[in-house]
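Biologist: I should like to go through the assignments in this model and hear the grounds for each. Please set every value against its definition.

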Amino acid sequence: MRSLYVILDYHLAATDGVEGKVADFLFDEESWIVHYLVADTSSPLGKRHVLILPFVVGRSDWETKRVPVNLTSAHIRTSPVLEFDMPISRQYESGLKLPGSHLRSMREVLGYSIHAVDGEAGTIEDFIVEDTLWGVHHLVIALKRMSGRPVLLSPGAVRSISWRGKAAWVNLSIGELELSAEFDPTM
């Protein structure tokens, strides 16, 4: 299991050097599977975000803040550009909505408010994924009450996400959320 928030902005360690950094992750809002790591490969010539399949990503090095990838620097630089598979909000902003696309930007969803069946409960703070199939196992929610205590929420509890409203709705009450397992980042 790994926190996606923690490795944002880590450098990508290609097989032949460092090439870019982790800018975002795109996940499918229906299957809750991460489809892409978005790499920022910007240079003095301009800004460029490319899509990397998560299956080439190795274990993060917390001390050096690097994420090893089983690609060369050239492979990273020539990966598909983000515009080929934009998250939903960018599709709407550009006037496009690709059929069957349910990709969301993890960075964008961070901070979205969580609405329980009986009111606003907190905000989305992180995604916890298993790094074999890259499925999202938990959302980390900072509760409004109880001093922002972070709890783990199954993505199956999420009914819908609104990029316009910057919010997500869950099938639980505030009381049920408060009984959820507390998130301990050291575990």
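Biologist: What makes β2 and β3 a hairpin, and how many residues lie between them?

Modeller: Strands are DSSP runs of E with at least two residues, while helices are runs of H or I with at least four, both numbered from the N terminus. The strands β2 and β3 form a hairpin with two residues between them. Two strands count as paired if DSSP finds at least two bridges between them. Strand β2 (residues 11-14) and strand β3 (residues 17-28) have three bridges in the antiparallel sense, so by that definition they pair. Within β3, K21 is the residue opposite H11.

Biologist: On what kind of model, and on which conventions, do these statements rest?

Modeller: This is a predicted model, in which local features need pLDDT of at least 70, side-chain atom pairs count only at pLDDT 80 or more, and totals for chains, interfaces and linings use all residues. Residues are numbered from 1 along each chain as its sequence is written, and side-chain values use heavy atoms, leaving out hydrogens and water.

Biologist: How do you know that β3 pairs with β4, and in which sense do they run?

Modeller: Six bridges join β3 to β4 (residues 34-40), and the strands run antiparallel. Y36 in β4 is the bridge partner of L26, and D40 in β4 stands opposite K21. Their hairpin has five residues between the strands, and there W32 takes a positive phi near 60 degrees.

Biologist: Which further strands pair with β3 and with β4?

Modeller: β3 pairs with β7 (residues 103-105) over three antiparallel bridges, where R104 stands opposite F27. β4 is joined to β5 (residues 49-52) by four bridges, again antiparallel, and L51 in β5 is the bridge partner of V38.

Biologist: Why is β4 called largely enclosed?

Modeller: Six of its seven residues are buried, so β4 is largely enclosed by the rest of the structure. Buried means under 20% relative accessible area, exposed over 50%, and partly exposed in between, with a 1.4 Å probe and protein chains only.

Biologist: Why is E29, in the loop between β3 and β4, counted as buried?

Modeller: Its relative accessibility is 19%, which is under the 20% limit, so E29 counts as buried. The side chains of E29 and R104 are joined at 3.4 Å. A polar contact is a pair of N or O atoms within 3.5 Å; within protein, one must be able to donate a hydrogen and the other to accept it, and residues adjacent in sequence count only if both atoms are side-chain atoms. The E29 and R104 pair is therefore a polar contact.

Biologist: What makes L8, in the loop between β1 (2-3) and β2, a buried residue?

Modeller: L8 has a relative accessible area of 8% and is therefore buried. Contact means heavy atoms within 4.5 Å; not counting residues up to four places away in sequence, L8 touches V22, A23, D24, F25, M106, R107 and L110.

Biologist: What is meant by a nonpolar core, and which residues have the most contacts inside the largest one?

Modeller: The term denotes a set of buried Ala, Val, Leu, Ile, Met, Phe, Trp, Tyr and Cys residues joined through side-chain atoms within 4.5 Å. The largest has 45 residues, with the most contacts inside it made by F25, I124 and F127. Apart from it lies another core, of seven residues, among them A23, L26, Y36 and L82.
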